Amino acid sequence: MSTITASRTDNPLTAGQLPRYAPWALGAVALIAGGVIDALVLAPFDIATTIFFGAVLFLPLNYLAGRLVVGRRAAADRLATNLVTGAFLLALLPLVSLLWEVLAKGLPRFDATFFSYSMRNVIGDGGGAIHALYGTLYATGIATVIAVPIGLMCAIYLVEYGSGALARSITFFVDVMTGIPSIVAGLFAYALMAMVFGPGTINGFSGSLALAVLMVPIVVRATEELLRIVPNELREASYALGVPKWRTITSVVLPTAVSGIVSGVILAIARIIGETAPLMIAAGFTNSINNNPFANPMMTLPVFVYDQYAHPGVERDFYNERAWAGALTLIVLVMLLNLLGRFIAKRFAPKTGR
């Protein structure tokens with residue numbers, strides 16, 4: 001009798017739970033059914049459509065199987081889990097497709113020549129993007145030097161000093177600046193340089209101003225949130241020792257939040273490094289290396305990609321290869337910046353416990 005009871009308890013179907021292989025089996029059945037529907041209704045057969053039909057059929061099959069075996073509440077939980085997982089995979093699909101496309105088309109020209117030569121006197125095959133890489137580093141570096149101090153001091157004011165109508169106004173305009181189109185920043189930088197240095201002034205510094213306008217609100221928001229989560233007990237302990245407020249901010253508050261601030265700045269740099277529209281207006285186009293940000297147009301990687309794709313020569317394939325290689329370079333730069341931000345956040349985060 002005990003043997004019969006144990007065998008019934010060990011059986012997943014009689015114990016009120018589905019076996020582990022059940023979702024895979026139901027998925028295979030749904031995929032086969034989706035393939036049949038695709039072949040009969042929407043001929044010819046297509047793997048993407050089959051997967052779509054299979055996913056649509058899998059949800060009710062899995063829910064009904066769970067409803068029959070484990071009950072309504074557990075089946076609803078399984079359905080919600082499947083919907084969330086499906087949404088994640090659906091969101092991941094464009095990213096994977098984009099990475100695959102960029103790698104497949106960008107790797108053929110992702111070589112030493114691409115990072116050693118400019119496009120000066122190049123027609124057709126050959127050439128590279130070293131001039132655009134230099135321009136991106138110059139423009140982004142100068143924009144960072146401009147935007148980080150302004151954004152940091154603005155955030156400190158809002159958290160430590162700001163109150164009343166002025167603080168609310170600053171917060172409102174920061175929110176507005178976060179949502180402005182990037183091309184507006186380029187027009188602003190171009191108009192400002194035209195007022196100061198005369199009409200038609202296009203150079204790398206003008207592009208840096210446009211990027212700084214886009215970067216300041218990101219730095220302000222990131223720094224403000226990090227300063228607000230610094231415990232007030234640290235400030236109060238410093239004040240109790242007679243330390244003035246400015247010294248408390250520089251010696252207690254900022255060191256506590258420095259890892260998050262630095263990682264936020266790096267993410268802001270990753271955000272602006274791929275901007276195209278403001279740099280087309282403010283920094284311009286050139287096929288040569290320009291190491292002077294204050295004179296003459298300066299090419300950047302996003303503008304280089306646009307220029308190669310939008311203005312090809314007779315042999316279009318060479319221009320497309322350079323455009324895809326430039327896009328791959330941008331993705332690699334953004335990935336490295338994100339990894340650096342994560343490393344800094346983990347390495348220099350305040351240690352807790354003993």
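**View 1. Polar contacts and salt bridges at the interface of domain 1 and domain 2.** Across this interface, zero residue pairs are in polar contact, with both residues required to be at pLDDT 80 or more; a polar contact is a pair of N or O atoms within 3.5 Å, where within protein one must be able to donate a hydrogen and the other to accept it, and residues adjacent in sequence count only if both atoms are side-chain atoms. The number of salt bridges between domain 1 and domain 2 is likewise zero (side-chain nitrogen of Lys or Arg within 4 Å of a carboxyl oxygen of Asp or Glu). The model is predicted, so local features need pLDDT of at least 70 and side-chain atom pairs pLDDT 80 or more, while totals for chains, interfaces and linings use all residues. Residues are numbered from 1 along each chain as its sequence is written, and side-chain values use heavy atoms, leaving out hydrogens and water.

**View 2. The two domains and the area buried between them.** An automatic or database assignment gives domain 1 (21–108) and domain 2 (115–348). Their C-alpha centres lie 40 Å apart. Seven residues of domain 1 are in contact with six residues of domain 2 (heavy atoms within 4.5 Å). About 580 Å² is buried between the domains, 85% of it from carbon and sulfur atoms; buried area is the accessible area (1.4 Å probe) that two parts lose on being put together, summed over both. Val-102, Lys-105 and Gly-106 supply 67% of the area that domain 1 buries against domain 2.

**View 3. Residues 323–345.** The unreviewed UniProt entry annotates this span as a transmembrane region, an annotation that may be inferred rather than shown by experiment. The span is 100% helix and 0% strand, with its end C-alpha atoms 33 Å apart (DSSP runs: helices H or I, at least four residues; strands E, at least two).
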